[in-house]
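Hi everyone, thanks for making time for this. I'd like to walk you through how the pieces of one structure pack together, so let's put it up on the screen.

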Amino acid sequence: MTSPTASTPPAPKGTGTLVDNGAARHSRMIGVGAYRPARVVMNSEIIDKIDSSDEWIRERSGIISRHFAAEDESVIDMAEHASRQAMEHAGISADQIGFVLVATVTHPYQTPAAAPELAARLGSTAPAIDISAACAGYCYGVAMASDMVKGGSADYVLVVGVEKLSDFTDPYDRGSAFIFGDGAGACIIGPSDTPGIGPTVWGSDGVQRDAISQKQAWTEVRESWKDAQADKAVWPNIGMAGQTVFRWAVWGMAPVAQQAIDKAGIKADDLDAFIPHQANIRIIDAMVKQLKLPADIPVARDIVTTANTSAASIPLATTRMLAEGEAPSGGLALQIGFGAGLVYAAQVVVLP
Amino acid sequence: MAQSEQEILDGLAEIVNEETGIDTASVEMDKSFTEDLDIDSLSMMTIVVNAEEKFGVRIPDSEVKNLKTVRDAVTFISGAQA
């Protein structure tokens with residue numbers, strides 16, 4: 001650095017005034033969409049490699065079946081199906097989309113992100129990025145999209161949660177082989193005359209990074225690949241410390257869900273649906289108990305036939321509850337995502 | 001406020017009963033949680049969290065795998081209370 005020679009610091013020109021973008025306004029969810037791959041995988045197909053039984057899996061997870069994507073079916077393929085459905089439900093076209101947020105941890109390219117390619121397929125050149133927040137990714141996306149709409153940086157935001165977990169699951173791992181499934185869910189967040197998305201309660205706990213984690217860094221894969229290409233441990237599947245996650249999810253997340261209700265300015269009685277991340281039916285049931293939710297509030301249990309689809313699970317469950325008339329359009333839903341990071345986010349939304 | 005081992009056993013039996021429906025009388029010192037009482041890992045964690053609250057102790061995740069028998073749990077809780 002050369003020493004300043006001027007005796008006075010530079011002054012702003014003061015000749016330009018930034019345009020008022022019309023913010024701030026309210027936001028709401030105006031459409032949802034879902035996609036489950038065609039192939040249904042029953043527990044019977046999983047059990048041999050983990051020396052288990054259909055009954056054992058049902059008791060520990062509530063899962064009867066899941067969907068697996070075809071080998072040549074990508075997260076972008078699945079995301080496209082769900083996105084088109086959400087756009088149709090919302091009644092908006094590709095050129096109205098002002099931002100594309102894709103929550104995923106199983107897009108197999110570290111770069112480029114999945115979102116720009118998805119946008120292009122839909123016929124959009126909107127700004128587009130991926131969110132790496134695992135099972136909390138969709139709720140993170142809804143929160144960010146809501147703020148974008150409120151702040152005026154986009155009119156309509158496409159939020160997608162999509163996972164092809166079958167690519168990153170160790171079929172021999174008794175702790176996780178039966179848990180995961182593939183699928184995509186999407187929503188459109190847009191402007192509203194009244195508040196449609198409550199304040200988000202979110203956070204992270206990076207101290208517990210190892211509780212759910214890819215088993216190796218890619219740089220480690222490069223080294224071990226040279227030594228043992230046949231060794232299945234080389235592939236960085238996702239591993240999980242089940243008990244640790246269970247404790248955190250139930251006793252750590254129930255208060256977060258309660259805070260989201262409180263911050264939204266409503267009571268639990270006002271809810272028309274509870275749509276937690278579909279991690280495990282045991283987590284869902286224990287969370288409902290901890291929250292002391294009124295018994296008549298419908299609770300998403302899409303996990304039974306969809307399994308745990310990480311970022312995709314909440315929009316998949318939301319779409320199903322709306323389609324099957326279990327939750328009303330215009331009703332209030334509490335949604336909470338939580339997962340690898342560890343990270344979490346919860347908010348109350350008005351259902352589209 | 002350390003409790004006797006019998007008091008801890010009785011309290012633990014109530015927690016196990018509430019989570020699993022197992023008769024409190026069956027929750028005996030030498031019973032294994034998994035093999036004798038057929039309690040799975042997630043129910044075990046629920047029992048652990050409820051025991052923390054009831055007995056005012058902290059049972060770390062890393063300790064849970066060492067609690068194989070009812071006696072292991074009673075001894076740990078008793079030691080943690082001391």
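**Strands, helices and contacts**

Let me start with a single pair of residues: A:Leu101 has A:Ile129 as its bridge partner in β5(A). Before I go on, please keep in mind that this is a predicted model. That pair belongs to a parallel pairing, in which strand β4 of chain A, residues 97-103, is joined to β5(A) by 4 bridges.

Now let's zoom out to the sheet around them. It is an open sheet of 5 strands with mixed pairing, and in chain A the order reads β1-β7-β6-β4-β5. Which strands sit at the edges? They are β1 (26-35) and β5 (128-131) of chain A, each of which pairs on one side only. On average, and ignoring direction, neighbouring strands of the sheet are turned by 20° against each other.

Two helices that pack on this sheet deserve a look. Helix α2 of chain A, residues 75-90, touches β1, β4, β6 (156-164) and β7 (182-192) of chain A, and its direction makes about 130° with that of β1(A). Helix α9 of chain A, residues 313-323, also packs on the sheet, where it touches β1, β6 and β7 of chain A; here the angle with the direction of β1(A) is about 90°.

Let's stay with α2(A) for a moment, and turn to its helix neighbour. Helix α3 of chain A, residues 114-122, packs with α2(A) at an angle of about 50°, and the axes are 10 Å apart. That angle is why α2(A) and α3(A) count as oblique to each other. Their crossing is right-handed. If you want to click along, α2(A) brings A:Val75, A:Ile76, A:Ala79, A:Glu80 and A:Ser83, which meet A:Ala114, A:Glu117, A:Leu118, A:Arg121 and A:Leu122 of α3(A). By class, this contact has 6 nonpolar, 1 polar and 3 charged residues.

Next, the domains of chain A. The domain assignment gives domain 1 as 26-192 and domain 2 as 201-350. Their C-alpha centres lie 13 Å apart. How many residues are in contact between them? There are 46 from domain 1 of chain A and 44 from domain 2 of chain A. On the domain 1 side, the elements that each supply at least two residues are β1, α1 (54-61), β3 (65-68), α4 (137-151), β6 and β7 of chain A. That side divides into 24 nonpolar, 14 polar and 8 charged residues.

Over to chain B, and another helix pair. Helix α1 of chain B (residues 5-20) and helix α2 of chain B (residues 41-55) pack at about 135°, with 10 Å between their axes. So α1(B) and α2(B) are oblique to each other as well. The crossing of α1(B) and α2(B) is right-handed. Residues in this contact include B:Ile8, B:Leu12 and B:Ile15 of α1(B), and B:Ile47, B:Ala51 and B:Phe55 of α2(B). The contact as a whole has 7 nonpolar, 5 polar and 2 charged residues.

Finally, where do the chains meet? The contact takes 8 residues from chain B and 10 residues from chain A. On the chain B side, two or more residues come from each of α2 and α3 (61-64) of chain B. The largest share, 5 residues, belongs to α2(B). That side of chain B has 4 nonpolar, 2 polar and 2 charged residues.

Thanks for listening, and I'm happy to take questions.

Technical notes:
Residues numbered from 1 in each chain as written. Chains lettered and ligands numbered in written order. Predicted model: local features only at pLDDT ≥ 70, side-chain atom pairs only at ≥ 80, totals over all residues. Axes fitted to C-alpha atoms, helices over the stretch in contact; angles between N-to-C directions. Parallel < 35°, antiparallel > 145°, perpendicular 65-115°, else oblique. Left-handed = near helix turned anticlockwise from the far one by under 90°. Contact = placed C-beta atoms within 7 Å. Nonpolar A, V, L, I, M, F, W, Y, C, P; charged D, E, K, R; others polar. Pairing = 2+ DSSP bridges. Domains from an automatic or database assignment.
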